[in-house]
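Here is a short tour of one protein chain, moving from a single strand out to the whole fold. Have the viewer open as you read.

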Amino acid sequence: MALYSAAAAVLAGVERGEGGLKSLVYNSGFPHVRQLYALVSETLRYASVLEKLLDGAALLQAEKKLAPQLAKVLVYDLLFGKGLKCGGRWKALARRHRARLEAELARMKVRHKVSRNEDLLSPEKAVSAAASQVPRYVRVNTLKTCVDDVIDFFKRQGYAYLGKAASMEELKALSGKKFLLDLHLPELLVFPSQTDLHDNLLYTSGHIILQDKASCLPAFLLGPVAGSHVIDACAAPGNKTSHLAAILKNKGQIFAFDVDPKRVATMNTLLTRAGVTGCQLAQQDFLTVDPRDPKYSRVTHILLDPSCSGSGMVTRGPGEEAASSAERLQALAGFQRRVLHHALSFPALQRLVYSTCSLHQEENEDVVQAVLQKWGSAFRLVTAFPSWPCRGLAAFSGAESCLRASPAETLTHGFFVAVLERCKEGAAAPSSPPATAKENPQPGERTEPGATPKKRKKKKQGVKE
């Protein structure tokens, strides 16, 4: 019942233009933000269909005390979602009208000459429906457990483990209670898209993190060695921060910044649950952080995932796509250039990852190009993951060193990643930077993205994985 009430409140806020879907969800105070975000975003995607169903079935006339937003949430979950697995008296109310609602849905399909619910959506929403088939990715939190133990746990719960994926086609074909080890990232398990693990013991205890594959790339490609000092410049809600801590094995120091107090509180809860130590959280605008402060004199790695249009997210609320106007994109790009330039000014910095969940060139390749031009030969783009199938747009020479991700090509949210390294003093940037990640890592094996093959060999001999 609390979930549906919270979803109706967020939906009402979106419809009144009080903020973006993500910010309203995070500010709602609801403890399970991912579950809430998924329910509201899917209700928004089916909004026009739901309104027609409510009119045809005359539900609001029959239940005069039922708010329209709550009615949409309930009917979505009843007919298109998980079938009202919770809901108290609202569940009973919706089920009283189930027969009428199902009959109206059947009539709509006949009128539109379609057989599937998704076919009732507009072409734009149908694309989103295809994107929603992105698998459920599960990052094993190595601060608390290991890949083999998590695999054994799910096998005991009745899931069938199919081994390491060999291709994207295997990920697409996942169904039922089956799962795979990802073909690119060594601590990532892949389940069918509709798998819901929010109530699973491993998730609630912090042993696994529900995180899209593309969102795992920034920390993985930054690859700081244990003991490093790292900045996560725009850190909330904290999934990437917890990933950095796992890579560091909680050895070293992370400085995590976010300007929003509620998001910082959410991040603190997430990091505590994940077992993260050695992380200093600060409610502070990263642009106000002094690079010359002695506190940051040993910062060699920075992960920068700044505010962006979010156009790569596969679930978008109505009006959010239109919000990416030319003016807004220019304003965002201006901020992104400033914050990237600021990050590069930390004196001990050796490696930086810049990432966004945006599809727009203005926020991605154009930002990287503009800032690199300012810094001359001080920093270079590194070609990371050469086998990754989706590369940067040809906006400038070398942009193919960047990574892109998309539902169609990589079965992930839309994403952009650029890896920058400081050049040796007085040296020009090489034309063929070294690869930054060992391709096709084996199950449970951690690779160091910034290491040469010789250094990797030493690390594997000296550290027990």
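## Strand β1 and its neighbours

A good place to begin in this predicted model is strand β1, which spans residues 136-140. Most of the strand is covered, with four of its five residues buried.

Strand β1 has partners to look at. With β4 it runs antiparallel, and four bridges join the two; in this pairing, Val-138 stands opposite Leu-189. The pairing with β5 (residues 208-210) is antiparallel too, through three bridges, and there Arg-139 stands opposite Ile-209. In general, the side chains of a regular strand alternate between the two faces of the sheet.

## A closer look at Val-138

Is Val-138, a member of strand β1, buried or exposed? Its relative accessibility is 0%, so Val-138 counts as buried, the cut-off for that class being under 20%.

What does Val-138 touch, leaving aside residues up to four places away in sequence? The list consists of Glu-187, Leu-188, Leu-189, Phe-191, Leu-197, Ile-208, Ile-209 and Leu-210. Another pair you may like to pick out in the viewer is Val-138 and Leu-181: 43 residues separate them in sequence, while their C-alpha atoms are 9.6 Å apart in space.

## The nonpolar cores

Nonpolar side chains tend to be buried together in soluble globular proteins. In this chain, the largest nonpolar core has 48 residues, and the members that touch the most others are Leu-171, Leu-217, Leu-221 and Phe-385. Several elements supply at least two residues each to this core: the helices α11 (168-172), α13 (213-222), α14 (239-248) and α15 (261-273), together with the strands β4 (188-191), β7 (253-258), β12 (403-405) and β13 (415-422). The element that gives the most is α13, with seven residues.

Apart from this core lies another one, made of 43 residues. Leu-39, Leu-74, Ala-94 and Leu-120 are among its members.

## The chain as a whole

Stepping back, the chain's secondary structure comprises 19 helices and 13 strands. Of its 465 residues, 54% are buried. The accessible surface comes to about 20100 Å², and carbon and sulfur atoms account for 53% of that area.

How much of the contact network links residues 24 or more positions apart? Taking the contacts with a separation of 6 or more, such pairs account for 69%.

Note on methods
Residues are numbered from 1 along each chain as its sequence is written. This is a predicted model: local features need pLDDT of at least 70, side-chain atom pairs count only at pLDDT 80 or more; totals for chains, interfaces and linings use all residues. Side-chain values use heavy atoms; hydrogens and water are left out. Buried means under 20% relative accessible area, exposed over 50%, partly exposed in between (1.4 Å probe, protein chains only). Contact means heavy atoms within 4.5 Å. Accessible areas come from the Shrake-Rupley method with a 1.4 Å probe; for residues, only the protein chains shown count as cover. A nonpolar core is a set of buried Ala, Val, Leu, Ile, Met, Phe, Trp, Tyr and Cys residues joined through side-chain atoms within 4.5 Å. Two strands pair if DSSP finds at least two bridges between them.
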